[in-house]
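Trainee: I am new to this structure and would like to learn it one part at a time. Please choose a single topic, the pairing of charged side chains, and take me through it slowly.

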Amino acid sequence: MQQDLKTEATRKLITEKAFQQFYKYGYKATSINEIMKETGLSKGAFYHNFKNKDELGVQVVKAKLHSRIYKAMISPLYTKGEAKTILKTTFLNKFQAFTSTEKLLGCPLNNLINEVGGSLNLLNEALKGLIDTWIKAVVQIIERGQIDGSIKPETNAQQVAIYLVSSFEGMRGIQKLYQDDSQWDAYHAALEEYIDQI
């Protein structure tokens, strides 16, 4: 039992340090050696817990990225209230909450997708699964809005959900190029107007 707890603590530490390194320096640029240096553990501890970096990447997606996206962008969509208001609040308020470091580094999910998206491996599948979960939650809130009358019945929920998620993530990437919030502000206004019209 004590060994199981130690193993779990080791996996969590490696996953946390890997997430930090991937976010700061990129997935491809980060080596196992650099991750293990940050943990203070031996390379043997890595291979005792993970087969390779891709397996660790999957764990980072499941343990770190999923919880971040779920807490910030998915869970709020399941709260009670008028659907359109919840949709606007979730997307627009999150923009206002980003720190200057988060704006500079972009979205860790988006960064990872840009680095490894398209490859046929478990890491790619884990990223797809997270995006699918997010889109599904947006579809459900739009359909709720069609029932409560806050969203037009002719709105194509799947198309709008894909647009909202992809434009939000795209803006996170674009913002890395700018030193001020002018692009954020323009996108925020356009996004609010778009949601008002659905």
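Mentor: Gladly! Let us start at Arg68, which counts as partly exposed because its relative accessibility is 32%, and partly exposed covers the range between under 20% (buried) and over 50% (exposed). Please keep in mind that this is a predicted model.

Now look for the partner of Arg68. Its side chain meets that of Glu102 in a salt bridge, with 3.7 Å from N to O. This pair links distant parts of the chain: Arg68 belongs to helix α4 (residues 53-74), Glu102 to helix α6 (residues 100-105), and their positions lie 34 residues apart in the numbering. The Glu102 end is buried, at a relative accessible area of 18%, whereas Arg68 is partly exposed. As for the general idea, side chains of opposite charge can pair when their charged atoms come close.

A search of the whole structure finds six salt bridges, so let me show you some others. Glu192 pairs with Lys88, and their closest N and O atoms are 3.7 Å apart. Glu192 sits in helix α10 and Lys88 in helix α5 (residues 83-97), so this salt bridge ties together parts that are 104 residues apart in sequence. Here the lysine is the buried partner, since the relative accessible area of Lys88 is 17% and the limit for buried is under 20%. Glu192, with 31%, is partly exposed. The story of these two does not end with the pair: Lys88, Glu192 and Asp196 are linked in a network of salt bridges.

For another arrangement, move to helix α8 (residues 122-148), where you will find Glu125 and Lys128. They form a salt bridge whose closest N and O atoms are 3.5 Å apart. Because they are three residues apart in this helix, about one helical turn separates them. Both ends are partly exposed: Glu125 has 42% relative accessibility, and Lys128 has a relative accessible area of 43%.

So, as you turn the model, try following these pairs in order. Begin with Arg68 and Glu102, which link helices α4 and α6. Go on to Lys88 and Glu192, which connect α5 with α10, and remember that Asp196 is part of their network. Finish with Glu125 and Lys128, where both partners lie in helix α8.

Definitions and conventions:
Residues are numbered from 1 along each chain as its sequence is written. This is a predicted model: local features need pLDDT of at least 70, side-chain atom pairs count only at pLDDT 80 or more; totals for chains, interfaces and linings use all residues. Side-chain values use heavy atoms; hydrogens and water are left out. A salt bridge is a side-chain nitrogen of Lys or Arg within 4 Å of a carboxyl oxygen of Asp or Glu. Helices (H or I, at least four residues) and strands (E, at least two) are DSSP runs, numbered from the N terminus. Buried means under 20% relative accessible area, exposed over 50%, partly exposed in between (1.4 Å probe, protein chains only).
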